[in-house]
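Got your viewer open? Load the model below and we'll walk through it one selection at a time.

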Amino acid sequence: MKKIILTGDRPSGRLHLGHYIGSLANRVRLQNEYDQYILIADVQALTDNYENPEKVANSVRELVLDYIAVGIDPGKSTIVVQSQLPAIAELTVFYLNMVSLNRVLRNPTVKVEIEQKGFGDTIPAGFAMYPVSQAADITAFEANLVPVGEDQLPMIEQTREIVRKFNNLYGQTLVEPEALMGKFPRLIGLDGKAKMSKSLNNSIYLSDSVEEVNKKVGSMYTDPTRLKPTDLGHIEENPVFIYHDAFNPNKEEVEDLKRRYQEGKVGDVEVKQKLAVAINNLLEPMRKRRVELEKNPAEIDRILKDGIEKGREISGEVLKKVKKAMKIDYQF
Ligand code: TRP
């Protein structure tokens, strides 16, 4: 049988090149080899956006547009919406018994986020528990593989612990997933900061126009020690070369630019122009697919409806197995 993949995103805005290189490119490739489900994690997004439900709701369709634009084929991948699959909520409740309060609060990803968001001593319980709901997402599809960036590894570990505990207690029921790490787990920001991120305002979005891309690439941080084109440049940790490696398929051109940069024989302008061309070439087919789908909002509805229907079926079956294992499959 084909292995099952479950991936997902919190709907909270548009997707950028960091998402592309970290996961979307993989998904487009993996959909040909695996049975792939892509979860729009709106319930999870609400755990820290519960005061902003419009932002979450509006991002759901945006996400579908991004997915289709990037090359996700709804005939090969199933897009599902978390809030529309009640089995996930039910599984979460059962799994909460499989994990201690201390364990969830010690989850490294949750810990970092609690700090970043400044929750202090008013951590919403729903937020602290989201790794448990993520375990429900993953197991509801009996996923074998979960492609993730390194920041999500603790979620997979937590899921595996819950699965093992459940299976030990109630008998072999749930599938234990494995993480599938991409080779580009995170992309440096335009400003040279560790990560491309919406909140840092250092991102190129998949939906950016040619002009936006040209402007953003033109403003990129490069080698701060290089004041003029004849200075010997450094390519390590230099965002423009990291991006060339990531997005420019013309390896000869990249090697030539790197060599000339290090020898002081090329200016930033040429390096950046060639990078902008490469990124625009990557985004152009995405822009075309996006425009097509934008013209046809009923098609977005259809994709969502079909995915939800299929998702309900599959997660409903898993819920049945879980209830049976837990002896609450009463036949009244
Ligand atoms: N936690 C993921 C994120 O913040 C989103 C997500 C929710 C997810 N459920 C998932 C990812 C299940 C993989 C599998 O991006």
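**Stop one: where the domains meet**

Between domain 1 and domain 2 about 1,100 Å² is buried, and carbon and sulfur atoms give 73% of that area. Buried area here is the accessible area (1.4 Å probe) that two parts lose on being put together, summed over both. Before you click further: this is a predicted model, where local features need pLDDT of at least 70 and side-chain atom pairs count only at pLDDT 80 or more, while totals for chains, interfaces and linings use all residues. Residues are numbered from 1 along each chain as its sequence is written, and side-chain values use heavy atoms, with hydrogens and water left out.

To colour the two halves, select 3-188 + 297-325 for domain 1 and 210-290 for domain 2; these bounds come from an automatic or database domain assignment. Their C-alpha centres lie 34 Å apart. Each side brings residues to the contact: 12 from domain 1 and 12 from domain 2, with contact meaning heavy atoms within 4.5 Å.

Now show Leu 17, Ala 69 and Ile 188 as spheres. Together they supply 47% of the area that domain 1 buries against domain 2, more than any other three residues.

Which charged pair should you pick at this interface? The rule finds 1 salt bridge across the interface of domain 1 and domain 2 (a side-chain nitrogen of Lys or Arg within 4 Å of a carboxyl oxygen of Asp or Glu). Go to Asp 66 and Arg 290: they form a salt bridge whose closest N and O atoms are 2.6 Å apart.

**Stop two: more salt bridges**

There are 32 salt bridges in the structure, so let's be choosy. Select Arg 14 and Asp 208, whose closest N and O atoms are 3.9 Å apart. This pair links distant parts of the chain, 194 residues apart: Arg 14 sits in the loop between strand E1 (4-9) and helix H1 (17-30), and Asp 208 in the loop between strand E5 (178-181) and helix H10 (210-218). Helices (H or I, at least four residues) and strands (E, at least two) are DSSP runs, numbered from the N terminus.

Is Asp 208 buried or exposed? Asp 208 is buried, at 1% relative accessible area, whereas Arg 14 is partly exposed at 36%. Buried means under 20%, exposed over 50%, and partly exposed in between (1.4 Å probe, protein chains only).

Next, select Glu 263 and Arg 259, which meet in a salt bridge at 3.3 Å, N to O. Widen the selection to Asp 256, Arg 259, Arg 260, Glu 263, Lys 265, Glu 270 and Lys 274, and you have one network joined by salt bridges that share partners.

**Stop three: helix H9 and its surroundings**

Try Arg 103 and Glu 161, a salt bridge at 2.9 Å, N to O. Arg 103 is in helix H5 (residues 101-106) and Glu 161 in helix H9 (residues 153-170), 58 residues apart. Arg 103 counts as buried at 15% relative accessibility; Glu 161, at 30%, counts as partly exposed.

Stay in helix H9 for Gln 158, which is buried at 0% relative accessibility. What does Gln 158 touch, leaving aside neighbours within four places in sequence? Its contacts are Val 99, Arg 103, Val 104, Asn 107 and Pro 131. The C-alpha atoms of Gln 158 and Val 99 are separated by 8.7 Å, with their positions 59 residues apart along the chain.
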